[in-house]
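Thank you all for making the time this morning. I would like to take you through one structure, and I ask you to keep the sequence and the coordinates in view while I speak.

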Amino acid sequence: MKPRAILIRLGIVVVATTVALLGHHFGSEAHIRKRIGQRPLGKATCFTCHFVSTDRLLWAKPRPHHDSPAGLAVSPDGRRLFIALDDRDEVAEADIAALKVLRRAKVPGGPHGLAIDAGGKNLFVTCRHGDRLAVLDAQSLKETASLPVGTGPAAVAFCRTAAGERLIVANSMSDDISVISLAPLKELGRPAAGREPFAVAATSDGARAFVANRLVGLGTIRTMPASEVTVVDPVTARVVRRDSLESAHLSEGIGLDEKRCWALTPLVKVRNMVPITQVAGGWVMSSGLAISDIKRGEVVQVPLDEANDYFADPSAVAVDSAAHRAFVASGGADVVSVLDLDRLAAWLGKANPAERQEAIYDLSLSAEYVVGRIPTRRNPRHLVLSPDGARLLVAERLEDSILVVDANRLIPLGRIVLGDGGVEDPIRRGERVFTTAAYTFQHQFSCRSCHPDGHVDGLSYDFDGDGIGDNLLDNRSLQGVAGTGPFKWNGKNATLEIQCGPRFAKVLMRTDPFPPKQLRDLTTFIRSLPPPRAARNKNAKLTPSQERGRAIFFAVKTPDGKEIPLSRRCVTCHPPPLYSVRLPFNIGTQGQHDTTEAFDTPHLLGVADTAPYLHDGRAQSLEELWTLYNTNDLHGVSSYMNKIQLNDLVEFLKTL
Amino acid sequence: MTTRDGWRINRKERKERKDQREMRYFFAISAVFEVTPAAATTLFAVLLCGCAASGLCGPPAPSGPLVVAQTPRGGTGAGAAKDRLDLCYCPGSRVVVAAAPLGAEGTQAGMPAPRLGAPKVRVLSEGLQAAGGPVVSVDGERVYFTGKAGAQSEWQVYEARVGGGRLRPVTSMPGGAAAPALLPDGSLVFASPVPKLGNQGAAAPPPQLYAQPPGAKPRQLTFGLSGAADPTVLLDGRILFVSATSPGPAGSSQGLSLFTINNDGTEVTAFACQHDPPAVISRPRQLPDGRVAFLASGLESPAAQGSAECVRMARPFLSRAKLLPRLDARVRSVCSEGGNGFLVCAEDSHSGWAVYRADGSAEKLGAPLFEDSSWDCVEIVVARAGQRPMGRLSSMDPAKKTGQVLCLNANDTTYDAGQQAGAAATRIRVLAGVAPGRCRALGEVPVQEDGSFMAEVPADMALGFEALDQQGRVLRRVEPIIWVRPGENRSCTGCHAAHNRAPHNHRPLAVYAPVPCLGGEPEAGPKGAIK
């Protein structure tokens, strides 16, 4: 073939490709504008609505599993350590003195929380993904019994009461507490907890059990958020008190000092209502410890941070009443803080009520009672003391190891190695970036501080990049976010790399951006986060109510036969499988100080777990989306719905 | 970092230093005795055992070459001094680098030092009339110091390589530049101009801090009427510097204290010493153990030749203490040696000003680590790679001419002057500092019911605030010591609020009201706009 002919054909190909691409883009825009009535503000192509599949998304693919330690329990003789390996579906037994793993046993369902009975015969395991409690023989590690509990059981505590032995299980996803008798093994009751109960401790006489809740309760966006410590009577299985932790959340541990009548709960003191004009001075959040009076319920919050250095994500606490010490693991700081409880009590004793009230705001105060900081490897998330208080065992979750510390001399004695740390796995590396506060100014917080498990913290924030105003932005879940770009509520960040890049560093971290490699790992980890569990139960059969709701969701006509405009049908903007068209639209929710009327269309995978809703978090429930904030029918035609129809729709949405 | 990492750093550094020391001795043995490595190992082990048995193994050498500022012994230059640096670094002063062995090394504290004569050094400031104030880059390879080419020249900042190379000036500031410090991106921070001696009146501008990226023009960072001096970069990326707490009447005595800013001059914040008795404070330096060391002396002292003091990063306002509480000697420079030890330039009646090792328990100076019979060693820094401070993306918008201030509660105060302390303010008068002791009112803004207020104010201008009651009486006053950078949103918890306090979690009512613009056209754009 002559060169000229080659050039001509090449030119034709180039021109045709250019025309196709332009048509692909502009044609898609015109197509969407014609069908929906709104010009898409984001970049639209044919693939925006068509040929969308979740199968190719990272979270839908198999991923490596790691020996990440979760809950810990020590045998009564202090020799053996039991370790829950939720990512492996295993429970391991280790020799503390020899620093060796003795054996492992398969426990399906994501074993997460552990407790052992007083005699050391039975090991109780909460299976967070299996929604059950497994009972293992502590000698053979064989499963001897299993009991269904609430959804997402995260922690369990054993206690002896006058009415018999009890187990208290914190069900993190169903927001309730299973109170279980051991003889016979049955659930006595399931009282409501706060939001995401995540840790539990019981008094030695079994009179009370204390449950720490991870998220704040739902309220309006202009009210002070608060989480709670739910106090349960293990005998009656009833809630006897709810101790409010004002402006505090992410409590993932709880410990008791019965001599002082203290329940100690690590917390993140959040300041989401203050415009984020800075992060210095604990302006966004700081770490603290709530001291609840076991009998009276009075709560004092004290800081764990220092004036110029922070210890992010305090997630577990162990109390040694005999040694007058408490240990708090800070997962974002890779540190275990050592508190002298005598000094803490002395300060509280001389402080007046006003000083106690203000204690959490004084970033210099921790020097009064924090007597040491023990460095750990990556992400200490759980810790436990041996019964004699001689050994402190720290689960270094993202290092796949257990740090053994001489609790008296505060000297590390060695590590029980569970795995290789998974540094070859980009998802694991990304999780390390996600959970560390090392990239934030003065180590104040990590990504996880606002996105526990990559999910929501249920709060709205006011960033100052848009001026100091009352424009709050709801914190969105990262679970199932892969493939749902663009990101940010105004849809201006096309990719996760942009979302987590320099802008994030400028607005939140107040440091240099993540280095490129770490950013790549971080976004890989985020893409690997699957949607909340309900979204993965594709084969679950719908109830009649859910079926009716499904019909409403996909309806093209109202029950009286009127056609619903295409632009106001649920499925137009929320088409499966992602249930998002991934473009910003106007649904009539523009606030007084919003300069845009169009907001990004969120995906609906696991939407039931992501309250509050709308761009500023004004809707506290799915019902409120239509009962309070859709009076103009712009967010779907809902004005025809009666209470039952609305309930059906919500029930269907809960299955997504 | 400090409290947290102190243990880890200590162990790591101890091991590294031990390894370096052993390797140095090992190679020395190989070279001197011309034996095989295996034989050298054996010989080394034997010598090590022998040394240990005889107690001859003394303190280790520093972890890198020493960079020392020296002044000629007996020289003052006070007669011809035109500015403060002339007093500190008289003609002939120089910056030298000295590598181990340093002569007296190995001598136990308290024992007489063997006089070895003038140690071998290399002059980094060759060709300059005077030089001093060295700092070392994070990689430990370059030294920056203040130098003066001739008697009539201005002080400028120079760069030299520790390993040798051409000396080059890196600033050319009118009025001179001094006190270099280095940001993690390589930008040089310095103070300019160099304050002149004598009564210059209000016309003499106080020194301010500038940042100069490599190959770019310097940009001013500080705008307070009191000026700024002696910057150093903290590991969290902030610049710590010395300034007067508030500009008192002209000619009056006023103490100095420590402040911080970000690398773009935003978020000026009191750091420590604001409420202490008046004193001259200089050369703040962050130590690896979680403290900030500085030199403090009485107001009458012509130069910083006082005692070494420190505050803890964990609670800087409540922890001021002597760094070397038992040591009765004048100190002009403190440098961390890693772990709990320091290198200090101190004065001994026998040795004059020399470099010593010291720690918190030292009761008297031991043998000098480094001394020269012809020179006073007045400043010391170890040339070694250090921890890189955090960087920071600027939040400024250079296109703007204003910034915004948000106070969460003007009535949250520790102000204790007069009976009106604690009275509720109804308006805030914003002041612009014109000159020390003089300011003009930019305007007034209302205080909301919850005590909050907001104002859009001119950028890069010293700002003060007066809290007024309903009758217009001044309840509380903040002198013009802060500023906002263009596009900066600056917040505070209160007027004279307690330091190191985190804010309460509440929505300030001021964010719901229109923002008054004082002294210029509003530029902040629509409030609450999503951008």
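I will begin with where the chains touch, then turn to the cores, and finish with one helix and one set of strands.

Please bear in mind throughout that this is a predicted model.

Let me start with the two chains, A and B, where 50 residues of chain A are in contact with 46 residues of chain B. On the side of chain A that touches chain B, strand E25, residues 370-375, and helix H8, residues 502-509, each supply at least two residues, and H8(A) gives the most, with 3 residues. If we sort that side of chain A by class, we find 18 nonpolar, 19 polar and 13 charged residues.

Moving on to the cores, the largest nonpolar core has 289 residues, and those with the most contacts inside it are A:Ile83, A:Ile168, A:Val200, A:Leu383, A:Ile402 and, from the other chain, B:Val355. To take one of these, A:Ile168 is in contact, once its neighbours within four places in sequence are left aside, with a group of residues that includes A:Val156, A:Ile177, A:Val179, A:Val200, A:Val232 and A:Pro234. There is also a second, separate core of 18 residues, and A:Ile552, A:Leu605, A:Leu614 and A:Leu622 are among its members.

Now to the helix. Why can we say that H5 of chain A, residues 426-435, is largely enclosed by the rest of the structure? The reason is that 9 of its 10 residues are buried, and these include A:Arg428, A:Arg429, A:Glu431 and A:Arg432 alongside A:Ile427, A:Val433 and A:Phe434. The buried residues of H5(A) pack against two helices of chain A, namely H6, residues 447-450, and H9, residues 516-527.

Finally, the strands. Strand E2 of chain A, residues 80-85, is mostly covered, with 5 of its 6 residues buried. E2(A) is joined by 4 bridges to strand E1, residues 69-74, in an antiparallel arrangement, and by 6 bridges to strand E3, residues 90-95, again antiparallel. A:Leu81 is a useful residue to follow here, since it is the bridge partner of A:Val74 and also stands opposite A:Ala94 in E3(A). As for the hairpins, the one formed by E1(A) and E2(A) has 5 residues between the strands, and A:Gly78 there takes a positive phi near 75°, while the hairpin of E2(A) and E3(A) has 4 residues between the strands, with A:Asp89 at a positive phi near 60°.

Key: Residues numbered from 1 in each chain as written. Chains lettered and ligands numbered in written order. Predicted model: local features only at pLDDT ≥ 70, side-chain atom pairs only at ≥ 80, totals over all residues. Contact = placed C-beta atoms within 7 Å. Nonpolar A, V, L, I, M, F, W, Y, C, P; charged D, E, K, R; others polar. Core = buried A, V, L, I, M, F, W, Y, C linked by C-beta atoms within 7 Å. Buried ≥ 20, exposed ≤ 12 C-beta atoms within 10 Å, placed from the backbone. Pairing = 2+ DSSP bridges.
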